[in-house]
Amino acid sequence: MPDSQLPPSPSTSNHTRPLPQTGDLRRSFTVLRRQADRLQRILEISQILTSTYDLDELLQIILAAAIELTKTEAASILLLNEGGTELRFAATTGSNRDKLMALRVPVENSLAGTILRSGEPMVFDDVRQDPRHFDGVDKQIAFESRSMLGVPLLMRERPVGVLEALNKLDTSPFGEEDGQVLMTLAAQAAVAIENARLITALQKAYEQLNRIDRIKSDFIAIASHELRTPLGLILGYASMLREDLKNTDTSQQLDVVMNSALRLRDLIDDMVNVQHIEEGKAKLVLTEFVLQEVVQRVVEAVRELYTTKEQELLVSLPAQPLSLKADREKIALVVNNLLTNAIKFTDPRGRIMVAAELKNGEVQVHVADTGIGIPAREVEHIFDRFYQVEPHLTRQHGGLGLGLAIAKGMIEMHGGKIWVESVEGLGSRFSFSVPVAGPSHK
Ligand code: ADP
């Protein structure tokens, strides 16, 4: 018999249908029961489909259901190659898996190819009679294909493969119900294959990202090491020469060399610091100290910066010593980063305020300025690495965009918080809090 589309179900008329006899009722019940079982099985597969991403396992479950529900001997899934010329086995029942996986079925002049191209379910009651039957497969695995039901595998409505059920086990021919079941299973297989493809692509992208991240980390580690050595020599000799040539013109020129080298050293330190925080390599050296001393030390260190801009710097610290257990150098670095930013992003003759207070067992430090402020939409990003509000090409202020990321990392290592309140055009207030008793290890 030639290939055919599936026969439609016998049509019934609502007006003339006779009352069912007991025997009919029993048959209807059996049919309903069978349909319910099928639906139940398909539902089970849907649930498995969402619980595992192991493609082989999923396809095997789908094929097992296909042979069980269509009462057939074997089932296979074939997928189209990239060129669209061949189909290869993606999954199959039985023990000839390895042999089948190596086989290719041409799209041209094969039954699978015909189903794929038609985009419709097709029944072949005896494939041996069909000239398009590709018997290469049967020969390879010593299997005799007799009857076949095949449905296309559609991905976004495009046929990408075929699901076949072979050799009906009972005497009845393939019917519409078999076609529907196989279509549903084919849709599930398509979802599983698409998911697996997406996951593989995602994994690849993730691995690539990891590789790039490793390259970046290695680059920072190598470049900072290589830069530090010559920089150390420049700083060493420049300071020696400056001592020798005190109070001469050359000494002033050496000051420029020294300051530039120190600036370079700070940039390298920033890159190393951010890297260490990111890799979890940064460690806290906890000591007990008085916060006011640290703040005063940093204010002193930035004096030249704000006096050059004729800015006013107000320091408001409690008279009572705020003693805390923390990493002194890291807290100093955070205060330094916030203060240098406040100075940098505030116009000449603007005002900067530093304050500290004790609140609920925490020390809070605030650095406020009357500077350019931060647009509301940018606030959530400014603690990200390398993030700068100003566009790179038209930037007026220097910096790598790492100061706040480092500050955030260091404060969080202490179990503290850092935040900002800002109004564009009016100014900003950066604050951080750290527990007085040191980070608690939960
Ligand atoms: P950098 O200062 O090197 O650019 P930061 O990480 O310290 O890097 O700051 C990130 C960005 O946050 C800055 O480029 C700036 O756009 C914004 N910013 C930080 N502090 C202030 C401030 N006090 N006022 C206005 N903008 C600020």
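A salt bridge is a side-chain nitrogen of Lys or Arg within 4 Å of a carboxyl oxygen of Asp or Glu. The exercises below apply to a predicted model.

**Exercise 1. Decide whether Glu-68 and Arg-41 form a salt bridge, and state which helices hold them.**

Step 1. The N to O distance between the side chains of Glu-68 and Arg-41 is 3.0 Å.
Step 2. The cut-off is 4 Å, and the two side chains do meet in a salt bridge.
Step 3. Glu-68 belongs to helix α2, and Arg-41 to helix α1 (residues 22–51). The pair therefore ties together parts that lie 27 residues apart in sequence.
Step 4. For the whole model, the count by this rule is 28 salt bridges.

**Exercise 2. Work out the strand order of the sheet of 6 strands, and find which strands stand at its edges.**

Step 1. The order is β3-β2-β1-β6-β5-β4, in an open sheet with antiparallel pairing.
Step 2. β3 (104–106) and β4 (122–124) each have a single partner strand, so one side of each has no neighbour in the sheet.
Step 3. On average, neighbouring strands of this sheet are turned by 30° against each other, with direction ignored.
Step 4. Inside the sheet, β1 (residues 72–80) and β6 (residues 158–168) run antiparallel and are joined by 7 bridges. Thr-72 has Lys-168 of β6 opposite.

**Exercise 3. Identify the strands met by helices α2 and α4, and give the angles.**

Step 1. Helix α2 (residues 55–70) lies across β1, β2 (86–92) and β6. The angle of α2 to β1 is about 135°.
Step 2. Helix α4 (residues 111–118) packs on the sheet and touches β1, β2, β4, β5 (148–155) and β6. The direction of α4 makes about 130° with that of β6.

**Exercise 4. Describe the sheet of 5 strands and the helix α8 that packs on it.**

Step 1. This open sheet has mixed pairing and the order β8-β10-β11-β13-β12.
Step 2. Its edge strands, β8 (312–316) and β12 (417–423), each pair on one side only.
Step 3. From one strand to the next, the twist averages 15°.
Step 4. β11 and β13 run antiparallel, joined by 8 bridges. Ala-368 stands opposite Arg-429, a residue of β13.
Step 5. Helix α8 (residues 291–301) touches β8, β10 (351–359) and β11. Its direction makes about 175° with that of β8.

**Exercise 5. Classify the aromatic pair of Phe-383 and Phe-430, and locate both residues.**

Step 1. The ring centres are 6.2 Å apart, and the limit for a pair is 6.5 Å.
Step 2. The planes make 75°; angles over 60 degrees count as edge-to-face. The pair is edge-to-face.
Step 3. Phe-383 is in the loop between β11 (362–369) and α11 (403–413), whereas Phe-430 is in strand β13 (residues 427–435). The pair links distant parts of the chain, 47 residues apart.
Step 4. The count of aromatic pairs is 1.

**Exercise 6. Name the residues of the nonpolar surface patch, and place Leu-233.**

Step 1. Leu-233, Tyr-237 and Met-240 make a nonpolar patch of about 350 Å².
Step 2. Leu-233 is located in helix α6 (residues 176–244).

Key
Residues numbered from 1 in each chain as written. Predicted model: local features only at pLDDT ≥ 70, side-chain atom pairs only at ≥ 80, totals over all residues. Heavy atoms only, no water. Pairing = 2+ DSSP bridges. Helix = DSSP H or I, 4+ residues; strand = E, 2+ residues; numbered from the N terminus. Axes fitted to C-alpha atoms, helices over the stretch in contact; angles between N-to-C directions. Contact = heavy atoms within 4.5 Å. Patch = residues over 30% accessible without salt bridge, like charges linked within 9 Å, V, L, I, M, F, W, Y side chains within 5 Å. Areas by Shrake-Rupley, 256 points an atom, 1.4 Å probe, with all protein chains shown as cover. Phe/Tyr/Trp six-rings, centres within 6.5 Å; stacked < 30°, edge-to-face > 60°.
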